[in-house]
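Here is a short briefing on one structure. It covers strand pairing, crossovers, burial and the ligand shell.

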Amino acid sequence: MTDSKHKGALGAAYAAKRPEDVAALYDRWSQTYDSDMSAAGYRHPTICLALLARHLPRGSAPLLDAGAGTGLIGEWLDIAGYPEVEALDISQGMLDQAERKGVYSALHCLALGGPLPFADNAYAGVISAGVFTSGHVGAEGLDELIRICRPGGVIALTVKNTIWDLGFNARVAELEAQGLVTRIEETRPYVSMPGEADTVPSRCLALRVN
Ligand SMILES: C[S@@+](CC[C@H](N)C(=O)[O-])C[C@H]1O[C@@H](n2cnc3c(N)ncnc32)[C@H](O)[C@@H]1O
């Protein structure tokens, strides 16, 4: 995809109103996503992996990569010593690319934001990069990730400021007050794609499930 087409795809993804539109858009983008994001200097996977690895012991398993896309993080989780990682994404086209990397033990074509078909405490950790963003998933996606992460487990995720201010930060504060999670680390806001103009900052958050 050319640079201008890539910006169009991302802008359309942010503006998407319905989950099926988001899925169709990423299906179309899937084959050039990795090279486009590399060209844009995409930072979320690196920062999210850094936070997870700082707080979740090497070897913890299984993990869920929620909104895994083409599996950029899956490759790095494998190298960093997490032996069993499952991928979840709303776009089958993105999951097809992820499957080709051969690093996921299972792939689930599912939508975040509603109930997930996984048992309570199923995962030792959850990572989600670039998913809690405009037009994708908001604060409503958080509770299910907490339910499926076992006590002592870690959820590392990036959150765009728009979503943060639209109830995400408030929901984390409520969950902390209820003793359900502990906010163990929060980065300063940063721009996720320095190669893009006018990008709204995001931050990365690590939560311990209690
Ligand atoms: C910017 S990409 C990030 C992909 C990958 N985590 C990465 O960092 O490269 C956003 C991903 O979220 C997925 N997505 C968007 N809305 C979703 C939803 N409601 N449930 C699950 N996945 C969703 C898209 O299909 C896409 O693969």
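D65 has I127 in strand 4 as its bridge partner. This pair belongs to a parallel contact, in which strand 1 and strand 4 are joined by 3 bridges. The model is predicted, not experimental.

**Strand 4 and its neighbours**
- Strand 4 spans residues 123–132.
- All of strand 4 is covered: 10 of its 10 residues are buried, so the rest of the structure largely encloses this strand.
- Strand 4 also runs parallel to strand 5 (residues 149–160), with 6 bridges between them.
- Y123 stands opposite C149 of strand 5.
- Helix 7 (residues 142–148) completes a right-handed β-α-β unit with strand 4 and strand 5.

**Strand 2 and its neighbours**
- Strand 1 (residues 63–66) and strand 2 are parallel and share 4 bridges.
- A66 faces L88 of strand 2 across this pairing.
- From strand 1 the chain passes through helix 5 (residues 72–80) to reach strand 2, and the β-α-β crossover is right-handed.
- Strand 2 also pairs with strand 3 (residues 106–109), again in the parallel sense, over 4 bridges.
- Here A87 stands opposite L107 in strand 3.
- Helix 6 (residues 92–101) joins strand 2 and strand 3 in a right-handed β-α-β unit.

**Burial of strand 2**
- How many residues of strand 2 (residues 85–89) are buried? The count is 5 of 5, and the strand is mostly covered.
- In a regular strand, side chains alternate between the two faces of the sheet.
- In strand 2, V85, A87 and D89 lie on one side. E86 and L88 lie on the other.
- Both faces are covered, with each of these residues buried.
- A87, buried on one side, is the residue opposite L107. L88, buried on the other, is the residue opposite A66.

**Ligand shell**
- The ligand is surrounded by 22 residues.
- Which residues come closest to the ligand? They are G67, G69, S91, L112 and G130.
- Four elements give two or more residues each to the shell: helix 2 (19–29), helix 4 (44–55), helix 5 and strand 4.
- Two of these elements appear above: helix 5 lies on the crossover from strand 1 to strand 2, and strand 4 is the strand with 10 of 10 residues buried.
- By class, the shell holds 14 nonpolar residues, 7 polar and 1 charged.

Conventions. Residues numbered from 1 in each chain as written. Predicted model: local features only at pLDDT ≥ 70, side-chain atom pairs only at ≥ 80, totals over all residues. Buried ≥ 20, exposed ≤ 12 C-beta atoms within 10 Å, placed from the backbone. Pairing = 2+ DSSP bridges. Right-handed = clockwise from strand over helix to strand, strands pointing away. Near = placed C-beta within 6 Å. Nonpolar A, V, L, I, M, F, W, Y, C, P; charged D, E, K, R; others polar.
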